Amino acid sequence: MTGPIRSAINGAARLSRVRRLLVWLWIANLLFALPLAFQVSASIERSIGASQVGRTLLERLDLIWHTEYQDASEGVSATLEPSQVGVGAFLDNLELWFSGEIFELDPGLIAAGALYALLWALLIGGALGYLQSGARPTLRGFFGSGGEFFFRFVRVTVLMAGLYYLVYRFSEWLFESLEYRTRDVTVEKSVLSVYLLAAALVVLLLVLVRMISDYAKVAIVMEDRRSALLASLRGVRFVLSHPIGTLGVVLIVGVAGLVVLYLYSLVAPGVGQSTWTTVVLAFLVSQLFLIARLALRLTLLGAELDLYERASPLAANADYD
Amino acid sequence: MLRRSGFRAGLLLAAIALIDPALSSAREPGGDVALSLRNANYEIDVRLDPEARLLHGRQTVVWRNVREAATDELWFHLYWNAWRNRDSTWMREDRYRGRSDRGDDVDRDDWGYLDVHSVRLAGGAELERRFAAPDDGNAADRTVMVASLPAAVEPGGEVRVELEWTAKVPRTFARTGFRGDYYFIAHWFPKLGVFEGDRWNCHQYHAATEYFSDYGTYDVRLTLPEDFVVGATGREVERRDNGDGTATHRYRQADVHAFTWTASPEYVELTRRFEVDGLPPVDMRLLMQPEHLSQADRHFNATSAALELYGKWYGAYPYGHVTVVDPAYGSGSGGMEYPTLFTCGTRLYNPFGGGRPEGVTVHEAGHQFWYGIVGNDEFNSAWLDEGLNTFSTGRVMHETFGANAWVKRYFRPPGTDSGGFLPVLFAEIRDPGVISSSRLSRYRNHATTDVPAHPTWRAHPGSIGNISYSKTAIWLATLENYLGWETLQPIMASFFERWKFGHPRPEDLFDVFDELAGQDLDWFFDQVFYDDVRFDYEIQSVKSVAVEAEGWFEGDAGLEFRPAGDEESSDEYRNEVVVRRLGEGRFPVEVLMVFEDGSEVRRRWDGQYRWTLLTERGPSKLEYAIVDPDRVLLLDTNFTNNSRRRESENRLPSVKWASKWMVWLQDLLATFASFV
Ligand SMILES: [Zn+2]
């Protein structure tokens, strides 16, 4: 297990050399979200109008207002939910990711998500380039390397979309058939145990696809592979031939993510901000969590690069232990 | 005007009750005083074959005609035939309402039926019988059976018939059925409809309807595997081991209109006695799933809260015992009322403060009063029990447990029906009212789906929940706010007292209001019950204008001209508030004006015309105005427009809530990016 731990540490070290990447990616995420947030803000503003409920909403979430707002809203604006307060926002998304219901969201959000994913395919190329070289990032170099890999990354993503689709279909089939097979079980604890095992399997499969996708990109960056398909196959082979290392770094980073989520739950802002200062502060605290999430993502990529570099026979210093 | 039906079945029944010797004084052999007419009495002997999931039943029905007309027929409900095949009216409607308990995949063993082999007069000949479909003419429906008698049963006369039948226990439909070795058996035997003098009230089983029966005595012998723990309507009066691996449990209960039982080897039995000054004691028997034992206190506490508050508000619970059933996981039998027995419904994890299982327990315990003791016709007027009970549940919950925190259940496996396994309680987000925000929303979205006076069994599929439960509870809460609880409580108590062990109609409730409210409320019931009007009042504008002495005025020497002064220095303002009635519904409202110097003025408006202008001169400008500031009119379908500030303050709250949404969106985008 020292391999993955070392790679995870090296991944973090790689990120620390190119810290400004983190800022750039965070700003990209922030700017991308901003227009939609303005749209929702305007929609809330219209709903409140000159109503005294505006005052109430500074103290707490008025659930009656919220249902009135939701009943009257459509599309993206209608996705404001009480659970988005505090740590619930991230649990909601975790559930959406696990269940695949992320693809059943409002079409506007899915379109935004797809666009953002495209943008990410550009950004991550730049990020991988610098994570590998450790050079001081410049915007020109960042987008240069991003542009270089962009189309190959998009093709990898399309290939992976097929795998993701299969995993989600399998997951649905799995849970439906487990529900059927446990239909005479009267103890929730037993059913929950079975479902948790199944969930672990589904998460493992989702992570597996993610790993293949990551190593395909790593292979493209490190070996300048032209074929997305061959790179993906290389990803599959690498993951299968280094199961402990590849899974290990994901596990380490995943656990770190849960720790961060837990820490955030301790400081997560609630519903009571009633001044501009506290509203902005609450927003910034949440941004810290988002930055941490981004940092973990880059750490994982760095760790995967490190692992690949040390393990791949093509790499110069293949001293994988 | 109230539209009233001419036929006063309820009063007739009450009148009969007064003259019926069996009611007023007679004592049963057991020595108990009859609380009801006891005109539909059942002795049932049933054996469960757990391998084949069959019930083999023999029953004797003694029916007395308590009406003023004769009848030569007996109409029976065969409820379980609703799940005999896909052609039943129940299955058709269930498909139509798109809320199938058990949608598409029904295995061979999952279907149910109630097959009657024989109906004969006691010791006599087999009776001719047929199936009827009085509601929709569906020739394939088998949920109503009519037996023809050789001679009419005259008013006051009695008939005794014997039936033999076999029933296939379904995998749960409509809260009855099996899961593993857990059985919940409701509405399971051939059961008489209610003879109303001119006809039998015996509707087919509909996907969204409940039940209606006369009161009587049930004496039931249940033969089951000996390791089964049994719960049933009434008290166990005898248990006999048969020496063949089975045991026979005999349960008996008088003055009820149904008999339900449940059996499972898993149940853990707990008991506690409800004792509160001024109310008769009640032995509470709780049948719990072992994995829920840590929640036993919560079930007892909620049941006690209902017994106490309903008892004090409406009238005492008379049976002395009640069985509280915690159904097996996934059994689908949770949250339902039966005489002296009800099911709750909890989950392995259910944080305290989120309203469950307390809410469902209070609600179903409350049905002992509204449904059990006051036995309205649920086929036609489900709102009479569901609405009154939903309102009462809200009051008990509010008084006992305070505001519910908002709960979201996570980990709902894709493609499954089970709700999330892992709840998260959002302690800061609370529902402070007697009527929850989600209930208000359900009503708002279906305010005009149905007219409540329309028979329930004909109602739109969504209306049971939204009209029978929500709208009724909301108009009752509105009446409480309008009349005061000190007026409403005696009205409901009188209605309860007058109609306990009877079959009230909607008009009977309105009559009690007429008598005791101290004012005519027809205008209200005409709107909320006999119509589907929407209520919505809004403050359209709030203005404060400095009072200026500009223009021509009478002076000492005739008309004098005064030039414009400095508006800012004015020390008097003319404050104007325009209130509008946007809906068709009319209700008298108060308007609260709050001024910048903190002073307040309340004005009343009869709410009749489309709008009104309220003006108030004073030294201070208006800060805001609210129509119906105390939220008396809970039926108002838009509370946001009920208030208006002179200068809007919506920027900061919008940014605040949009920024929270944005954080979620940013994380969502990152989640989308994880697929790259
Ligand atoms: Zn109910």
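This is a short walk through a predicted model with chains A and B, starting with confidence and ending where the chains touch.

Hi everyone, thanks for having me. Let's begin with how far we can trust chain A. Its mean pLDDT is 93, and 96% of its residues reach 70 or more. There is one stretch to handle with care: over residues 315-321 of chain A, the pLDDT is below 50. That stretch still has 17 contacts in the model beyond near neighbours in sequence. Please keep in mind that where pLDDT is low, the predicted coordinates should not be read in detail.

Now to chain B. What is it built from? Chain B has 12 helices and 33 strands. Its C-alpha trace spans about 110 × 70 × 55 Å along the principal axes. Chain B has 676 residues, and 59% of them count as buried. If you take the contacts in chain B between residues at least 6 apart in sequence, 71% join residues at least 24 apart.

A word on the surface and the charges of chain B. The accessible surface comes to about 25,400 Å², with carbon and sulfur atoms making up 47% of that. On the charge side, chain B carries 75 positive and 103 negative side chains. The centres of those two sets lie 3 Å apart.

For those of you who think about cysteines: how many disulfides are there over all chains? The count is 0. Two cysteines of chain B that you can look up are Cys202(B) and Cys344(B). Cys202(B) counts as buried because its relative accessible area is 3%, which is under the 20% cut-off. Cys344(B) is at 0% relative accessibility, so it counts as buried too.

Next, some backbone details in chain B. As background, most residues other than glycine have a negative phi, and most peptide bonds are trans. With that in mind, look at the bond between Arg356(B) and Pro357(B): it is cis, with omega about 5°. Where does Pro357(B) sit? You will find Pro357(B) in the loop between strand 22, residues 341-343, and helix 5, residues 358-366.

Follow the chain past helix 5 and you come to Tyr371(B), in the loop that leads to helix 6, residues 383-401. Tyr371(B) is not a glycine, yet its phi is positive, near 135°. Is Tyr371(B) buried or exposed? With a relative accessible area of 4%, Tyr371(B) is buried.

Asp628(B) is another non-glycine residue with a positive phi, in this case about 60°. Asp628(B) lies in the loop between strand 32, residues 622-627, and strand 33, residues 643-645. Its relative accessible area is 5%, so Asp628(B) counts as buried.

Let me finish back in chain A, with two residues. Val23(A) belongs to helix 2, which covers residues 19-48. Its relative accessibility is 42%, so Val23(A) counts as partly exposed. From Val23(A) to Ala295(A) is 272 residues in sequence, but 9.6 Å in space from C-alpha to C-alpha.

The other residue is Gln52(A), in the loop between helix 2 and helix 3, residues 53-59. Gln52(A) is buried, with a relative accessible area of 13%. Which residues does Gln52(A) contact, leaving aside its neighbours within four places in sequence? They are Tyr624(B), Ser643(B), Arg644(B) and Arg645(B). Tyr624(B) falls within strand 32, and the other three make up the 643-645 range of strand 33. That brings us back to the two strands on either side of the Asp628(B) loop.

Thanks for listening!

Terms used: Residues numbered from 1 in each chain as written. Chains lettered and ligands numbered in written order. Predicted model: local features only at pLDDT ≥ 70, side-chain atom pairs only at ≥ 80, totals over all residues. Heavy atoms only, no water. Helix = DSSP H or I, 4+ residues; strand = E, 2+ residues; numbered from the N terminus. Buried < 20%, exposed > 50% of the residue type's maximum accessible area, 1.4 Å probe, protein only. Contact = heavy atoms within 4.5 Å. Areas by Shrake-Rupley, 256 points an atom, 1.4 Å probe, with all protein chains shown as cover. Lys, Arg positive; Asp, Glu negative; His and termini not counted. Charge placed at Lys NZ, Arg CZ, Asp CG, Glu CD. pLDDT = per-residue confidence, 0-100. Disulfide = S-S within 2.5 Å.
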